[in-house]
Amino acid sequence: MQGPSLPLRVATLLTGLLECLSFAGVLFGWASLVFVFKTEHYFEELCEPNARLMGNATGLDDCKAQDERFSLIFTLASFMNNFMTFPTGYIFDRFKTTVARLIAIFLYTSATLTVAFISADSAVLLFLAMPMLTVGGILFLITNLQIGNLFGKHRSTIITMYNGAFDSSSAVFLIIKLLYEQGISLRASFIFISVCSAWHVGRTFLLMPRGHIPYPVPPNYSYGLCSGDRPGEEDKKTVESQKLELSKEFISPKEEIPRPGQQQEPRSFWSYAFSRRFAWHLVWLSVIQLWNYLFIGTLNPLLSNLASGDRVLVSTYTNAFAITQFFGVLCAPWNGLLMDRLKYKYQEEARKTGSSASVVALGSTVPSLVLTSLLCLGFALCASIPVLPLQYATFILQVINRSFLYGGNAAFLTLAFPSEHFGKLFGLVMALSAVVSLLQFPIFTLIKGPLQNDPFYVNVTLVLVTLLTFVHPFLVYRECWQKESPPGVA
């Protein structure tokens, strides 16, 4: 077997999966944590006296200003989750694994200690802690994704599984909520998470490389504390083989040796960034992501409204939502499996017909794009109907939709644009979609204010906007059809 020993690779894989599952994406269990914060009277001073009296009567505050403050914290943290993808990716590329992970551990531990030692009087520090927690988690995910390189042909499956584990880690805040209801304080839970930083440090030096894990893995590659790996030299030796390996995957035999008249000038990054294909992909990602973020960030006040302030009902549905989020790790590989199967099928057809493999590979993304849009539409319609039991269906559709969204986003950018621009385009689309996600706070304020807690008109508008996401797969399909058709037909 080439590269590191199987036990070492398996230990790296499993501990990485545990790290992503337990720490990386905990922010998206926000609804469970808000329930605890409200019980601890965070931001209660913003409530009007009559709202406080209602809270004492029902056990759950119905306070517009308090809900807005929690929504603003989640908006800021979720914005950082996407916007910081580009700079954190640069840190990982420039300073390699060890430095990136030490930064992640510092940010994450600082955030958990802050949450552990704040109280209702210092709750404003959540504006600092939650973004730090998010950025630290993103760095954990980025540094772990390279572990897929250790497993060759299973690389895509492992990367998808890690992304699913990132989604499922939102269940951690549910565990904290359940422990809180059993008498374990919020401080004790977050101190325990802070102590786990020792485990992160140990894993950084014992089970992770100092540099990057190359792909494909050279026969003599080793990593860990005693390996003596020299990341700079390893990266230089393998970068050419990596580019060759990646480029071969989507190139048909007739494209490998271009004819003299077929040479094309290389296009710049900005020509792709301003292309129609990229613009519609940005719309597709931004709209679906906005729905997901808005739903997660406003779930607690939504459930409070539908349950008429019944604390027990709100707790039950909050738990149900967090439990469905845990199954994101099982949902995520489905999209990757669908795209891999279609890609293989279309490439086989391309070899028989002599068609362009790059075009048919791009066409293989269309079913995934359509399915993700359909899931978002179903989830949006269920969320818009003010029937409490229907929210169970909303939770299921939302977690599948979110699991499909990010894997489909990365896969489309991989197939639709040159590999040398992938990192920049991925960072750009995530940053721009993060800016769009900031709309969730003014939307929430609009519902709580002028619309007097009635989200009907906002939901109808957003459902109509969701229909725009179907334009993207249609245009991709039409583009593939035109390239495959004879000139006279197209």
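Trainee: Which side chain meets Asp-67 in a salt bridge of 2.7 Å, N to O?

Mentor: First, this is a predicted model, where local features need pLDDT of at least 70, side-chain atom pairs count only at pLDDT 80 or more, and totals for chains, interfaces and linings use all residues. Residues are numbered from 1 along each chain as its sequence is written, and side-chain values use heavy atoms, with hydrogens and water left out. A salt bridge is a side-chain nitrogen of Lys or Arg within 4 Å of a carboxyl oxygen of Asp or Glu. At 2.7 Å, N to O, the partner of Asp-67 is Lys-38.

Trainee: How many residues apart along the chain are Asp-67 and Lys-38?

Mentor: Helices are DSSP runs (H or I, at least four residues; strands are E, at least two), numbered from the N terminus. Asp-67 sits in helix α4, while Lys-38 belongs to helix α2, residues 30-39. The bridge links distant parts of the chain, with a separation of 29 residues.

Trainee: Is Asp-67 buried or exposed?

Mentor: Go by relative accessible area: buried is under 20%, exposed is over 50%, and partly exposed lies in between (1.4 Å probe, protein chains only). Lys-38 has 6%, so that end of the bridge is buried. Asp-67 has 5% relative accessibility, so it counts as buried.

Trainee: Which Lys forms a salt bridge with Asp-67 at 3.2 Å?

Mentor: Look in helix α22, residues 440-448, which is 381 residues along the chain from Asp-67 in α4. Both ends of this bridge are buried. With its closest N and O atoms 3.2 Å apart, the partner is Lys-448.

Trainee: Which residues does Ser-71 touch, leaving out those up to four places away in sequence?

Mentor: Ser-71 is in helix α4 too, which runs over residues 64-83. Its relative accessible area is 2%, so Ser-71 is buried. A contact needs heavy atoms within 4.5 Å. Not counting residues up to four places away, Ser-71 touches Phe-441 and Phe-444.

Trainee: Which residue is linked with Glu-19 and Arg-101 in a network of salt bridges?

Mentor: Start with the pair itself: Arg-101 and Glu-19 form a salt bridge, their closest N and O atoms being 2.8 Å apart. Arg-101 lies in helix α5 and Glu-19 in helix α1, 82 residues apart. Arg-101 is buried because its relative accessible area is 0%, and the value for Glu-19 is 0% as well. The residue that joins them in the network is Arg-203.

Trainee: Why do the buried residues of α10 lie on the same side of the helix, and what arc do they cover?

Mentor: In α10, residues 197-206, the buried ones are Ser-197, His-200, Arg-203 and Thr-204. The arc is taken from the directions from the helix axis to the C-beta atoms. They share one side of α10 because the arc they cover is only 120°.

Trainee: Which residues are exposed on the other side of α10?

Mentor: The buried residues of α10 pack against α1 (6-24), α5 (85-117), α6 (126-145) and α9 (186-195). Over on the other side of α10, the exposed residues are Ala-198 and Leu-206.

Trainee: How many residues are in the largest nonpolar core?

Mentor: A nonpolar core joins buried Ala, Val, Leu, Ile, Met, Phe, Trp, Tyr and Cys residues through side-chain atoms within 4.5 Å. In the largest one, Trp-30, Phe-37, Tyr-42, Leu-126, Met-130 and Phe-190 have the most contacts inside the core. There is also a second, separate core of five residues, including Cys-331 and Phe-404. The size of the largest core is 112 residues.

Trainee: What is the area of the nonpolar surface patch that includes Leu-464?

Mentor: Leu-464 is in helix α23, residues 456-466, and it counts as exposed because its relative accessibility is 53%. Nonpolar patches take Val, Leu, Ile, Met, Phe, Trp and Tyr with over 30% relative accessible area and no salt bridge, joined within 5 Å (like charges are joined within 9 Å). Areas come from the Shrake-Rupley method with a 1.4 Å probe; for residues, only the protein chains shown count as cover. Phe-456, Tyr-457, Val-460, Leu-464 and Leu-467 make a patch of about 510 Å².

Trainee: How many helices does the protein have?

Mentor: Of its 490 residues, 53% are buried. The secondary structure has zero strands, and the helices come to 24.

Terms used
Patches are made of residues with over 30% relative accessible area and no salt bridge: like charges are joined within 9 Å, nonpolar side chains (Val, Leu, Ile, Met, Phe, Trp, Tyr) within 5 Å.
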